[in-house]
Amino acid sequence: MKSLNQTLKKNKTIIVRRRVNHFMVAFLLCITTLVSSCSKDDDNNPQTTNYTTVENVLTDIDFKGYAIVTKNGNDLVRQGFGLANQSTAMPQGDNLAYRIGSVTKTLTAAAVVQLRRDGLINNFNQTLNEFDTEFPNGNQITIAQLLSHQSGIPDYQFVVEDAYEQGETLDEEDIYEVITDMISENGLNFTPGSGKQYSNSNFLIAALLVQELAQMSYHEYIQQKIFIPLEMTDTYKGNNIIDVDIHAEGYENGSVNSTYPMPIAFGVGDFSSTPKNMETWTNAVKTNWFTVTEKTEIFSQNVPSGFVDFGLGWFTTQEGNTTMYWHGGDINGYWSMIGFVPEYDATIVLLSNQQDDTGTQRNTIIQQLLMNEFN
């Protein structure tokens, strides 16, 4: 394994609530990736084109996957684009599974909310040392800071992926030790609460907290508390290698790229789901899965127009009088996005089986929705 100092130099810090180019173009994509990092090279706006329909947008950018976009109870688009498997000519489908990457974080955050409902935590301001007395700087880091990326904890991604490439097999407990070692050796990236930096470490720790306090596996807790009540029968812990009979094949530059060591993505990006199930989850969040009081805690409030901010497991994007709550994800061979716009009773589900390293597709779609459909 490379030294921690060498690896940590790769990490990029992103501070939100800053003015960015119109519609936060590259920034929105950089902060949602699981398997790639953000750089200034990504900071380019897609060319603005006024499309007549959402289908035209998706066709023009060569979107591959399944898309659901609704507005005021009506479908703007509900269809597949391209093939789910090029070798078998399997079509895209709303009941076909796709890796959802960091959209998993919305489920992890919801599980932590459920912990409080179940009386297993008292509030989101409890600090990590209450659960692990040996966690470095744990007396400074709250649960809320984990879920809103304000902890300053460095991202484990590069260290663990390097270890995997060298033949090491690490589970979530091993990765937790990697994270604590990183902090012990290099400290936090910033004082908790003083900045915001997207870090997968936050949500792996949150998922382990769920597992410890619920006294059952993280995935089983989500199954019992979210999937069963909502009848989300086709959302499940992803496997390193997909089942091509029920799962869309992932591609990168025309080549198959569906394999990923899923233990690395524990609680961070390790679920697969169908477009139909993700629509169910998005609609539940949009309506009544969270109480009114919980929503004021989960979603960032008073975000100025032209800004994006982290909430507890969700992003808030504000453009004029339009608010979009959303999360995206990227993992080998796939990208995803779910979101909703309350002002238009809108639901957005995009599950793609074509890796988009530059983030151009998701940026273009967000931009066009905010400019043409929800304004």
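**Exercise 1. In the hairpin of β10 and β11, determine how many residues lie between the strands and which residue takes a positive phi.**

Solution.
Step 1. The structure is a predicted model. Locate strand β10 at residues 307–310 and strand β11 at residues 315–319.
Step 2. Four residues lie between these two strands, and Gly313 takes a positive phi near 90 degrees in this hairpin.
Step 3. Examine the pairing: β10 and β11 run antiparallel and are joined by four bridges. Within this pairing, Phe310 stands opposite Phe315 of β11.

**Exercise 2. Determine which residues of β11 lie on each side of the strand, and state whether they are buried or exposed.**

Solution.
Step 1. Recall that side chains in a regular strand alternate between the two faces of the sheet.
Step 2. Assign the residues: Phe315, Thr317 and Glu319 belong to one side, whereas Thr316 and Gln318 belong to the other.
Step 3. A residue is buried when its relative accessible area is under 20%. Both faces of β11 are covered, and the residues named on either side are all buried. The count for the strand is therefore five buried residues of five.

**Exercise 3. Identify the strand that β11 joins through five bridges, and describe the hairpin formed with it.**

Solution.
Step 1. The partner is β12 (residues 322–331), which runs antiparallel to β11.
Step 2. Thr317 has Met324 as its bridge partner in β12.
Step 3. The hairpin of β11 and β12 has two residues between the strands, and Gly320 takes a positive phi near 65 degrees there.

**Exercise 4. Describe the pairing of β1 with β2 and with β14.**

Solution.
Step 1. Strand β1 spans residues 65–71, of which six of seven are buried.
Step 2. With β2 (residues 74–81), β1 pairs in the antiparallel sense over seven bridges; Thr70 has Asp75 as its bridge partner. In their hairpin, Asn72 takes a positive phi near 50 degrees.
Step 3. With β14 (residues 346–352), β1 also pairs in the antiparallel sense, over six bridges. Here the bridge partner of Ala67 is Leu350.

**Exercise 5. Identify the helix that gives the most to the negative patch, and explain why Glu185 counts as partly exposed.**

Solution.
Step 1. The negative surface patch consists of Asp171, Glu173, Glu177, Asp181, Glu185 and Glu212.
Step 2. Helix α7 (residues 172–186) gives the most, with four residues. Glu185 is found in this helix.
Step 3. Partly exposed residues lie between the cut-offs of 20% and 50%. Glu185 counts as partly exposed because its relative accessibility is 48%.

Key. Residues are numbered from 1 along each chain as its sequence is written. This is a predicted model: local features need pLDDT of at least 70, side-chain atom pairs count only at pLDDT 80 or more; totals for chains, interfaces and linings use all residues. Side-chain values use heavy atoms; hydrogens and water are left out. Patches are made of residues with over 30% relative accessible area and no salt bridge: like charges are joined within 9 Å, nonpolar side chains (Val, Leu, Ile, Met, Phe, Trp, Tyr) within 5 Å. Accessible areas come from the Shrake-Rupley method with a 1.4 Å probe; for residues, only the protein chains shown count as cover. A salt bridge is a side-chain nitrogen of Lys or Arg within 4 Å of a carboxyl oxygen of Asp or Glu. Lys and Arg count as positive and Asp and Glu as negative; His and the chain ends are not counted. The place of a charge is taken as NZ of Lys, CZ of Arg, CG of Asp or CD of Glu. Buried means under 20% relative accessible area, exposed over 50%, partly exposed in between (1.4 Å probe, protein chains only). Two strands pair if DSSP finds at least two bridges between them.
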